[in-house]
Amino acid sequence: MTATTEWPVKLTAGWLREQYLSGTLDPEEVIREVIRRAERDKDMNIWIEPPAEAQIAPYLAALRELNPQEHPLWGVPFAVKDNIDVKGLPTTAACPEFAYQPEADAAVVARLVAAGAIPVGKSNLDQFATGLVGVRSPYGETHNALRPEYISGGSSAGSAVAVARGQAVFSLGTDTAGSGRVPAALNGLVGFKPSLGAWPVRGVVPACASLDCVTVFAHNLEEAITVDRAARGFDAADPWSRSVKREAAALPGKLLVPEAPLDFYGPHADEYRRAWERAEAAVQALGLPIERVDCTLFSEAAAILYDGPWVAERWADLAGFVESHCEAVLPVTESILSSGAAERHTASSLFQAMHRLQQYKRETELLLQDAVLILPTCGGTWTREQVAANPVGANSDMGRYTNHCNLLDLSAVAIPAGEAAEGLPFGITLFALADSEHLLAGAGARLLAEGHMPEEDGERAGSAAGNEAQFLAERQTPESEGSVGTSGTAGAAEADVGEDVGTGTGAATGAITGAASGAESPNPGMVILAVCGLHMRGFPLEKQMLEHGARFWQEARTAACYELVKLPTEPAKPGLLRQVAGGSAIELELWQMPVESLGAFAELIPAPLGLGRVALADGREVTGFICEGYAAAGAENVTAYGGWRYLPAE
């Protein structure tokens, strides 16, 4: 690491990739910093198996055999919830007596390792993934990343806080009733929950096997989707796996919001209500059609999860262990699990619930056709002390707007939406049908990239800024004391405080960068350059961009007047052709390149490609790659994929 580069507060894949490809950092240095941060925060009870050099060393050695240009997660550290198997580490599900040594990685872990990611440790959770609060663990209550007296959310507590505290770039959680979304909201993260079966669950300790999903926490939507690309896919050895193809991101035909006032709870109920009102106004400002709907359907479906026979599914998997190790299970966890043995859970009641749920599913399918439903992720929060006084009631409240999701076979993404109170992030969740995850990506990116999500109340802005400054100060490295996170080319601390300024050198990149900070113009001396293929991040010619001083700025889409063709070259190259009539919007990336480098860069571009003006969906025109029209005659038209990144692998 050079003397002029210092660690950002939030670690992101985009920032790490720039450091790696420029030779500024190597993965060994990153792991040492991760270990240092984990030791700094050890009293927050984030880890069950914390990052350790000996355990991580084999993954570092394996990276030497992988080409970073071909592996989008090369050298990226991630945390794994300790109900997901990692070979060489015990799986405890937050119950020491339950621990076992897995013979292999969970399927999803193996896929991420193959993409170059590094599992650094096993994170804390509500025991047996039973809880949404993050305090039900014999390994200690996981503290909220910003306000330690408050709950972190669960059950994927440690996974979320590890990312929020800069100890991992992303993390794996699991989600049955909201465990991959509630901790995201309470710690200011993105939490993506794929459709049931889209990611394999082989190697995951089941909570409700028919409803369980592996999920990802990240600082931005783009990096969550990058993880999704690596993790997604059918697994023939997993009986719950199914093929759910991800389509190119697109906007829904309409957004659905509740027609009736929502209920809020906890010590900040009023602040949460106002935060939802601000978020709802931001959603309406998108300009997409809005429809107010009766959400009774979703609350009735949610009630089935714990009031109905699905709690017996948990008991079916864990009854033998709990009955023979009663003293090893936390009392609140045991009472919830053993409720699955109640006499009311008969075969008849199960089928009655299944038939009722099937009706709810059909109504949901009709309601959500080409639509995205938006709800608060949480309607409030609690201090850890308040949860101790009311463990079941407080936990139940946290699932009010999440429990319906998996029962109805929906996909979901939780995204940040300002603050409810000082240091307490507020978030909303977007829900779509299982085959409509691309609508979540499109709507989520629009909400975040265009800066529509509200900031905190003006009356709190000053104190919130002070709180964030204190938070940053607590997370400085010893080497950077006195000047937090300044890189050689841009202020990483400034990027963090300003929610991702988007120069590509700050603490985060992707869909939340650039426009989200109001940065509609390039930095002085820089020109915006639109790239649509091999020069994008993760592709072979990204290195040319970096060699010419370019930095990723933001994702974008062209105006709906282009075709994308696959030129018959070796390797195949994209050709972007503007149409007189018709055409589609094509996803691309906007980079900032020094003006003095543009000429030398242009000389490297072979015919029929060149630089010209590209019209964007938001009305701007920028310099970018275009293709001469004659080339279309011998090229494959791949416009339907929506972007070069979505073409099937050859």
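**Architecture and local features of the predicted model**

Among contacts in the protein between residues at least 6 apart in sequence, 75% join residues at least 24 apart. The model is predicted. Its secondary structure comprises 20 helices and 19 strands. The chain has 650 residues, of which 62% count as buried. About 23400 Å² of surface is exposed, and carbon and sulfur atoms supply 53% of that area. The structure contains zero disulfides. Two cysteines can be placed by their burial. C95 is buried, with a relative accessible area of 0%. C561 also counts as buried, because its relative accessibility of 14% falls under the 20% cut-off.

An open sheet is built from 11 strands. Their order is β1-β3-β2-β4-β6-β5-β10-β11-β9-β7-β8, and the pairing is mixed. The edges are formed by β1 (47–49) and β8 (290–293), each of which pairs on one side only. On average, neighbouring strands of this sheet are turned by 30° against each other, direction ignored. Helix α2 packs on the sheet and touches β1, β2 and β3. The direction of α2 makes about 15° with that of β3. Within the sheet, β5 (residues 190–193) and β6 (residues 213–218) pair in the antiparallel sense. Three bridges connect these two strands. In this pairing, V190 stands opposite A218 in β6.

Helix α1 spans residues 13–22. Nine of its 10 residues are buried, so the helix is largely enclosed by the rest of the structure. The buried set consists of A13, G14, W15, L16, R17, E18, Q19, Y20 and L21. Charged and aromatic side chains are thus listed alongside small ones, with R17, E18 and W15 among the buried residues. The cover over these residues draws on several elements, including the helices α2 (27–40), α7 and α19 (542–547). Strands β2 (77–81) and β13 (551–557) also contribute to the cover. After α1 comes G23, which has a positive phi near 80°.

R246 is found in the loop between α7 (221–231) and β7 (254–258). With a relative accessibility of 15%, R246 counts as buried. Its side chain makes a polar contact of 2.6 Å with the side chain of D228. Beyond residues up to four places away in sequence, R246 touches F192, I225, D228, R232, E437, H438 and A441. D228 therefore appears both as the polar partner and in the wider contact list, and R246 is buried under the 20% limit.

F539 occupies the loop between β12 (526–531) and α19. This residue is buried, at a relative accessible area of 17%. F539 and E70 are 469 residues apart along the chain, yet their C-alpha atoms are separated by 6.7 Å. Leaving aside neighbours within four places in sequence, F539 is in contact with Q69, G533, L534, W644 and R645.

Two cis peptide bonds can be described. One runs from G154 to S155, with omega near 0°. S155 sits in the loop between β3 (118–123) and α5 (157–164). Another cis bond joins A607 and P608, where omega is about 10°. P608 is placed in the loop between α20 (595–602) and β17 (609–615).

Positive phi values also occur outside glycine. A94 has a phi of about 60° although it is not a glycine. A94 lies in the loop between β2 and α4 (107–114). Its relative accessible area is 0%, and A94 is therefore buried. D409 likewise has a positive phi, near 60°. The loop that holds D409 runs between α15 (404–407) and β10 (410–421).

Note on methods:
Residues numbered from 1 in each chain as written. Predicted model: local features only at pLDDT ≥ 70, side-chain atom pairs only at ≥ 80, totals over all residues. Heavy atoms only, no water. Helix = DSSP H or I, 4+ residues; strand = E, 2+ residues; numbered from the N terminus. Buried < 20%, exposed > 50% of the residue type's maximum accessible area, 1.4 Å probe, protein only. Polar contact = N/O pair within 3.5 Å; in protein donor to acceptor, adjacent residues only side chain to side chain. Contact = heavy atoms within 4.5 Å. Disulfide = S-S within 2.5 Å. Pairing = 2+ DSSP bridges. Axes fitted to C-alpha atoms, helices over the stretch in contact; angles between N-to-C directions. Areas by Shrake-Rupley, 256 points an atom, 1.4 Å probe, with all protein chains shown as cover.
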